[in-house]
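Student: I've got this model open and I'd like to talk it through. Can we take it one piece at a time?

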Amino acid sequence: MRALLMKIEQASGLDRVGDRLQRVVQATLRPQRVRDLLHGVWLGHPLHPAMVQVPVGAWISTAVLDLMPGQRRAAATLCAVGTVSALPAAVAGLNDWAALARDQRRVGLVHAASNSVGLAFYAGSVAARMTGRHNLGRTLGFLGLGAASMGAYLGGHLAYKQGAQVNQSISELHRMSDGWHSIADMAALPERRLITREVDDVSVILYRHGDEVTVMLERCPHQSGPLGEGEVREIDGHDCVVCPWHGSAFRLNGGEVVHGPSGNDQQILPTRVVDGVLETRLP
(Lines give C-alpha, C1' and ligand atoms only; values in the text may rest on other atoms or scores of the structure.)
Protein backbone atom coordinates (compact mmCIF):
# COMPACT_ATOMS: atom_id res chain seq x y z
CA MET A 1 0.00 0.00 0.00
CA ARG A 2 2.84 2.39 0.76
CA ALA A 3 4.33 1.84 -2.68
CA LEU A 4 0.92 2.34 -4.31
CA LEU A 5 0.31 5.57 -2.45
CA MET A 6 3.75 6.84 -3.43
CA LYS A 7 2.94 6.11 -7.07
CA ILE A 8 -0.34 8.02 -6.77
CA GLU A 9 1.45 11.02 -5.23
CA GLN A 10 3.88 11.05 -8.16
CA ALA A 11 1.32 10.25 -10.88
CA SER A 12 1.60 13.43 -12.94
CA GLY A 13 -0.82 11.93 -15.47
CA LEU A 14 -3.61 12.67 -13.00
CA ASP A 15 -2.88 16.39 -13.23
CA ARG A 16 -4.65 16.75 -16.55
CA VAL A 17 -7.94 15.66 -15.02
CA GLY A 18 -7.20 17.25 -11.65
CA ASP A 19 -6.36 20.67 -13.04
CA ARG A 20 -9.54 20.76 -15.10
CA LEU A 21 -11.65 19.67 -12.16
CA GLN A 22 -9.97 22.26 -9.95
CA ARG A 23 -10.94 25.03 -12.38
CA VAL A 24 -14.52 23.77 -12.52
CA VAL A 25 -14.80 23.63 -8.71
CA GLN A 26 -13.32 27.09 -8.28
CA ALA A 27 -15.58 28.53 -10.96
CA THR A 28 -18.68 26.88 -9.52
CA LEU A 29 -18.01 27.69 -5.86
CA ARG A 30 -17.04 31.26 -6.65
CA PRO A 31 -18.61 33.36 -3.83
CA GLN A 32 -16.16 33.75 -0.95
CA ARG A 33 -18.93 33.22 1.62
CA VAL A 34 -19.83 29.88 0.07
CA ARG A 35 -16.19 28.72 0.06
CA ASP A 36 -15.72 29.87 3.66
CA LEU A 37 -18.88 28.05 4.72
CA LEU A 38 -17.67 24.82 3.13
CA HIS A 39 -14.12 25.19 4.48
CA GLY A 40 -15.56 25.42 8.01
CA VAL A 41 -14.35 28.96 8.72
CA TRP A 42 -17.45 29.60 10.86
CA LEU A 43 -16.63 26.44 12.83
CA GLY A 44 -12.92 27.15 13.32
CA HIS A 45 -12.37 23.58 12.11
CA PRO A 46 -12.45 21.92 8.66
CA LEU A 47 -16.06 21.02 7.87
CA HIS A 48 -15.57 18.04 5.56
CA PRO A 49 -14.22 15.59 8.20
CA ALA A 50 -17.17 16.41 10.45
CA MET A 51 -19.73 15.97 7.68
CA VAL A 52 -18.49 12.55 6.59
CA GLN A 53 -19.35 11.13 10.01
CA VAL A 54 -23.03 10.94 8.99
CA PRO A 55 -22.70 8.84 5.81
CA VAL A 56 -19.92 6.69 7.25
CA GLY A 57 -21.88 6.03 10.43
CA ALA A 58 -25.09 5.31 8.52
CA TRP A 59 -23.39 2.97 6.06
CA ILE A 60 -21.54 1.00 8.73
CA SER A 61 -24.78 0.68 10.67
CA THR A 62 -26.48 -0.52 7.48
CA ALA A 63 -23.90 -3.28 7.13
CA VAL A 64 -24.44 -4.39 10.73
CA LEU A 65 -28.23 -4.47 10.28
CA ASP A 66 -27.87 -6.36 7.00
CA LEU A 67 -26.22 -9.15 8.99
CA MET A 68 -29.15 -9.34 11.40
CA PRO A 69 -32.54 -10.92 10.70
CA GLY A 70 -35.68 -8.80 10.47
CA GLN A 71 -33.91 -5.45 9.99
CA ARG A 72 -34.62 -4.79 6.33
CA ARG A 73 -36.61 -1.59 6.88
CA ALA A 74 -34.10 -0.09 9.31
CA ALA A 75 -31.19 -1.03 7.03
CA ALA A 76 -32.90 0.54 4.02
CA THR A 77 -33.56 3.74 5.98
CA LEU A 78 -29.97 4.09 7.13
CA CYS A 79 -28.67 3.26 3.67
CA ALA A 80 -30.76 6.10 2.24
CA VAL A 81 -29.67 8.52 4.98
CA GLY A 82 -26.01 7.76 4.30
CA THR A 83 -26.42 8.16 0.55
CA VAL A 84 -28.21 11.50 0.76
CA SER A 85 -25.85 12.94 3.40
CA ALA A 86 -22.80 11.96 1.34
CA LEU A 87 -23.62 14.56 -1.29
CA PRO A 88 -23.06 17.75 0.79
CA ALA A 89 -20.03 16.10 2.40
CA ALA A 90 -18.61 15.55 -1.08
CA VAL A 91 -19.17 19.20 -2.02
CA ALA A 92 -17.28 20.33 1.10
CA GLY A 93 -14.50 17.89 0.27
CA LEU A 94 -14.18 19.17 -3.30
CA ASN A 95 -13.96 22.72 -2.00
CA ASP A 96 -11.06 21.76 0.28
CA TRP A 97 -9.42 19.66 -2.44
CA ALA A 98 -9.32 22.57 -4.90
CA ALA A 99 -7.05 24.52 -2.53
CA LEU A 100 -4.48 21.75 -1.99
CA ALA A 101 -1.00 21.32 -3.41
CA ARG A 102 -0.65 19.27 -6.59
CA ASP A 103 0.64 16.05 -4.98
CA GLN A 104 -2.19 16.24 -2.46
CA ARG A 105 -4.73 16.80 -5.23
CA ARG A 106 -3.54 13.61 -6.96
CA VAL A 107 -4.28 11.48 -3.91
CA GLY A 108 -7.44 13.48 -3.31
CA LEU A 109 -8.63 12.75 -6.84
CA VAL A 110 -8.32 8.99 -6.28
CA HIS A 111 -9.95 9.44 -2.87
CA ALA A 112 -12.89 11.18 -4.53
CA ALA A 113 -13.10 8.55 -7.29
CA SER A 114 -13.20 5.72 -4.77
CA ASN A 115 -15.90 7.46 -2.75
CA SER A 116 -17.86 8.15 -5.94
CA VAL A 117 -17.82 4.44 -6.77
CA GLY A 118 -19.00 3.72 -3.24
CA LEU A 119 -21.77 6.30 -3.55
CA ALA A 120 -22.91 4.77 -6.84
CA PHE A 121 -23.10 1.33 -5.22
CA TYR A 122 -25.11 2.74 -2.33
CA ALA A 123 -27.48 4.59 -4.66
CA GLY A 124 -28.06 1.29 -6.44
CA SER A 125 -28.54 -0.39 -3.07
CA VAL A 126 -31.22 2.11 -2.08
CA ALA A 127 -33.01 1.61 -5.41
CA ALA A 128 -32.88 -2.19 -5.05
CA ARG A 129 -34.22 -2.11 -1.50
CA MET A 130 -37.07 0.20 -2.46
CA THR A 131 -38.17 -2.24 -5.17
CA GLY A 132 -38.06 -5.25 -2.86
CA ARG A 133 -34.76 -6.71 -4.09
CA HIS A 134 -33.20 -6.82 -0.65
CA ASN A 135 -30.53 -9.41 -1.40
CA LEU A 136 -29.23 -7.30 -4.29
CA GLY A 137 -29.43 -4.24 -2.04
CA ARG A 138 -27.33 -5.96 0.60
CA THR A 139 -24.73 -7.03 -1.96
CA LEU A 140 -24.45 -3.53 -3.43
CA GLY A 141 -24.25 -2.11 0.09
CA PHE A 142 -21.29 -4.30 1.01
CA LEU A 143 -19.56 -3.39 -2.26
CA GLY A 144 -20.21 0.28 -1.49
CA LEU A 145 -18.74 -0.11 1.99
CA GLY A 146 -15.60 -1.62 0.50
CA ALA A 147 -15.15 1.27 -1.94
CA ALA A 148 -15.92 3.87 0.72
CA SER A 149 -13.44 2.20 3.10
CA MET A 150 -10.72 2.52 0.48
CA GLY A 151 -11.69 6.16 0.07
CA ALA A 152 -11.43 6.63 3.83
CA TYR A 153 -7.97 5.05 3.83
CA LEU A 154 -6.85 7.51 1.17
CA GLY A 155 -8.42 10.35 3.15
CA GLY A 156 -6.38 9.31 6.18
CA HIS A 157 -3.24 9.34 4.04
CA LEU A 158 -4.12 12.85 2.86
CA ALA A 159 -4.53 14.14 6.39
CA TYR A 160 -1.90 12.27 8.38
CA LYS A 161 0.86 11.75 5.84
CA GLN A 162 0.39 14.69 3.49
CA GLY A 163 -1.05 17.15 6.01
CA ALA A 164 -4.06 18.20 3.94
CA GLN A 165 -6.30 20.65 5.82
CA VAL A 166 -4.54 20.07 9.14
CA ASN A 167 -2.92 22.96 11.02
CA GLN A 168 0.54 23.25 9.48
CA SER A 169 1.84 25.79 11.97
CA ILE A 170 0.95 24.37 15.38
CA SER A 171 3.94 22.00 15.45
CA GLU A 172 6.13 25.11 15.62
CA LEU A 173 5.11 25.46 19.26
CA HIS A 174 6.90 22.20 20.10
CA ARG A 175 10.20 23.84 19.13
CA MET A 176 9.82 26.69 21.62
CA SER A 177 11.24 26.41 25.11
CA ASP A 178 9.27 27.25 28.24
CA GLY A 179 9.44 30.63 29.92
CA TRP A 180 9.27 34.21 28.71
CA HIS A 181 11.30 35.31 25.70
CA SER A 182 12.29 38.90 24.91
CA ILE A 183 11.51 39.72 21.28
CA ALA A 184 11.37 43.51 20.77
CA ASP A 185 11.60 46.95 22.35
CA MET A 186 8.12 48.43 22.53
CA ALA A 187 9.40 51.85 21.53
CA ALA A 188 10.87 50.42 18.32
CA LEU A 189 7.66 48.72 17.14
CA PRO A 190 5.92 50.61 14.33
CA GLU A 191 2.17 51.21 14.52
CA ARG A 192 -0.08 48.84 12.50
CA ARG A 193 2.70 47.17 10.53
CA LEU A 194 3.72 43.52 10.45
CA ILE A 195 7.14 42.74 11.91
CA THR A 196 8.78 39.30 11.80
CA ARG A 197 10.86 38.00 14.69
CA GLU A 198 12.12 34.60 15.88
CA VAL A 199 11.68 32.79 19.18
CA ASP A 200 13.99 29.76 19.44
CA ASP A 201 14.15 29.70 15.62
CA VAL A 202 10.35 29.78 15.42
CA SER A 203 9.15 32.61 13.20
CA VAL A 204 6.43 34.87 14.64
CA ILE A 205 4.80 38.08 13.50
CA LEU A 206 4.27 41.15 15.67
CA TYR A 207 1.52 43.69 15.12
CA ARG A 208 1.10 46.80 17.27
CA HIS A 209 -2.18 48.64 17.57
CA GLY A 210 -1.84 51.34 20.20
CA ASP A 211 -0.69 49.75 23.44
CA GLU A 212 -1.76 46.29 22.29
CA VAL A 213 0.71 44.00 20.53
CA THR A 214 -0.20 40.70 18.90
CA VAL A 215 2.37 37.92 18.62
CA MET A 216 1.22 35.24 16.18
CA LEU A 217 2.88 32.20 14.62
CA GLU A 218 4.10 33.28 11.22
CA ARG A 219 3.44 30.14 9.19
CA CYS A 220 -0.10 29.89 7.81
CA PRO A 221 -2.06 26.88 9.12
CA HIS A 222 -3.21 25.99 5.61
CA GLN A 223 -0.02 25.36 3.62
CA SER A 224 2.70 27.07 5.72
CA GLY A 225 2.51 30.30 3.76
CA PRO A 226 4.58 33.24 5.12
CA LEU A 227 2.09 35.48 6.91
CA GLY A 228 4.91 37.94 7.55
CA GLU A 229 4.87 38.69 3.81
CA GLY A 230 1.10 39.11 3.77
CA GLU A 231 -0.91 42.30 3.85
CA VAL A 232 -2.97 43.75 6.66
CA ARG A 233 -6.58 44.30 5.66
CA GLU A 234 -9.62 45.44 7.61
CA ILE A 235 -12.35 42.78 7.44
CA ASP A 236 -15.63 43.22 9.31
CA GLY A 237 -14.08 45.95 11.42
CA HIS A 238 -11.03 43.90 12.45
CA ASP A 239 -7.43 44.19 11.31
CA CYS A 240 -6.56 40.89 9.64
CA VAL A 241 -3.44 39.41 8.08
CA VAL A 242 -4.00 37.82 4.66
CA CYS A 243 -1.74 34.97 3.58
CA PRO A 244 0.05 35.82 0.30
CA TRP A 245 -0.15 32.23 -0.95
CA HIS A 246 -3.83 31.27 -0.88
CA GLY A 247 -5.64 34.19 0.73
CA SER A 248 -6.52 32.76 4.14
CA ALA A 249 -7.20 35.65 6.53
CA PHE A 250 -6.85 35.75 10.33
CA ARG A 251 -7.84 38.37 12.89
CA LEU A 252 -4.80 40.01 14.41
CA ASN A 253 -6.56 40.58 17.73
CA GLY A 254 -7.41 36.93 18.33
CA GLY A 255 -6.17 34.67 15.55
CA GLU A 256 -9.64 33.62 14.37
CA VAL A 257 -9.84 32.58 10.73
CA VAL A 258 -12.21 34.84 8.77
CA HIS A 259 -11.57 33.60 5.21
CA GLY A 260 -10.45 30.19 3.92
CA PRO A 261 -9.09 27.98 2.54
CA SER A 262 -7.79 27.51 6.06
CA GLY A 263 -10.42 26.07 8.35
CA ASN A 264 -8.21 26.52 11.42
CA ASP A 265 -7.54 29.55 13.59
CA GLN A 266 -3.99 30.81 13.89
CA GLN A 267 -2.14 30.52 17.21
CA ILE A 268 -1.66 33.69 19.25
CA LEU A 269 1.05 33.78 21.94
CA PRO A 270 0.67 35.48 25.34
CA THR A 271 2.61 38.72 25.80
CA ARG A 272 3.79 41.07 28.53
CA VAL A 273 5.95 44.18 28.71
CA VAL A 274 8.82 44.35 31.21
CA ASP A 275 10.89 47.55 31.41
CA GLY A 276 9.79 48.52 27.91
CA VAL A 277 10.65 45.15 26.39
CA LEU A 278 8.00 42.94 24.83
CA GLU A 279 8.10 39.33 25.94
CA THR A 280 6.19 36.27 24.81
CA ARG A 281 5.85 32.62 25.87
CA LEU A 282 4.10 29.39 25.05
CA PRO A 283 0.30 29.42 25.55
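Tutor: Sure. One term before we start: a residue counts as exposed when its relative accessible area is over 50%, and as buried when it is under 20%. Keep in mind that this is a predicted model.

Student: Which residues on the other side of α2 are exposed?

Tutor: Start with the buried ones: Asp-15, Gly-18, Asp-19, Gln-22 and Val-25. Seen down the axis of α2, these fall within an arc of 125 degrees, so they line one face of the helix. On the other side, the exposed residues are Arg-16, Val-17, Arg-23 and Thr-28.

Student: And how far apart are the end C-alpha atoms of α2?

Tutor: Helix α2 has 14 residues, and at 1.5 Å a residue it should span 20 Å. The model agrees with that, with the end C-alpha atoms at 19 Å.

Student: What covers the buried residues of α2?

Tutor: Part of the answer shows up at the largest cavity, which has a volume of about 40 Å³. Its lining includes Asp-15, Gly-18, Arg-102 and Arg-105. The elements giving two or more residues to that lining are α2 and α7. As for the cover over the buried residues of α2, it includes α6 (72-97) and α7 (102-130).

Student: Which elements give two or more residues to the largest nonpolar core?

Tutor: That core has 17 residues, and Leu-278 is among those with the most contacts inside it. Leu-278 also touches residues such as His-181, Leu-206 and Val-215. The elements you're after are β1 (181-185), β2 (194-199), β3 (202-209) and β4 (212-217).

Conventions:
Residues are numbered from 1 along each chain as its sequence is written. This is a predicted model: local features need pLDDT of at least 70, side-chain atom pairs count only at pLDDT 80 or more; totals for chains, interfaces and linings use all residues. Side-chain values use heavy atoms; hydrogens and water are left out. Helices (H or I, at least four residues) and strands (E, at least two) are DSSP runs, numbered from the N terminus. The expected span of a helix is 1.5 Å times one less than its number of residues. Buried means under 20% relative accessible area, exposed over 50%, partly exposed in between (1.4 Å probe, protein chains only). The arc is that of the directions from the helix axis to the C-beta atoms. Contact means heavy atoms within 4.5 Å. A nonpolar core is a set of buried Ala, Val, Leu, Ile, Met, Phe, Trp, Tyr and Cys residues joined through side-chain atoms within 4.5 Å. On a 1 Å grid over the protein atoms alone, a cavity is a set of points where a 1.4 Å probe fits but cannot get out, and a pocket is an open set with protein on both sides within 12 Å along at least five of seven lines; lining residues have an atom within 4 Å of a point. Grid points are joined across faces, edges and corners, and a volume is the space filled by probe spheres set on the points. Lists of a residue's contacts leave out its neighbours within four places in sequence.
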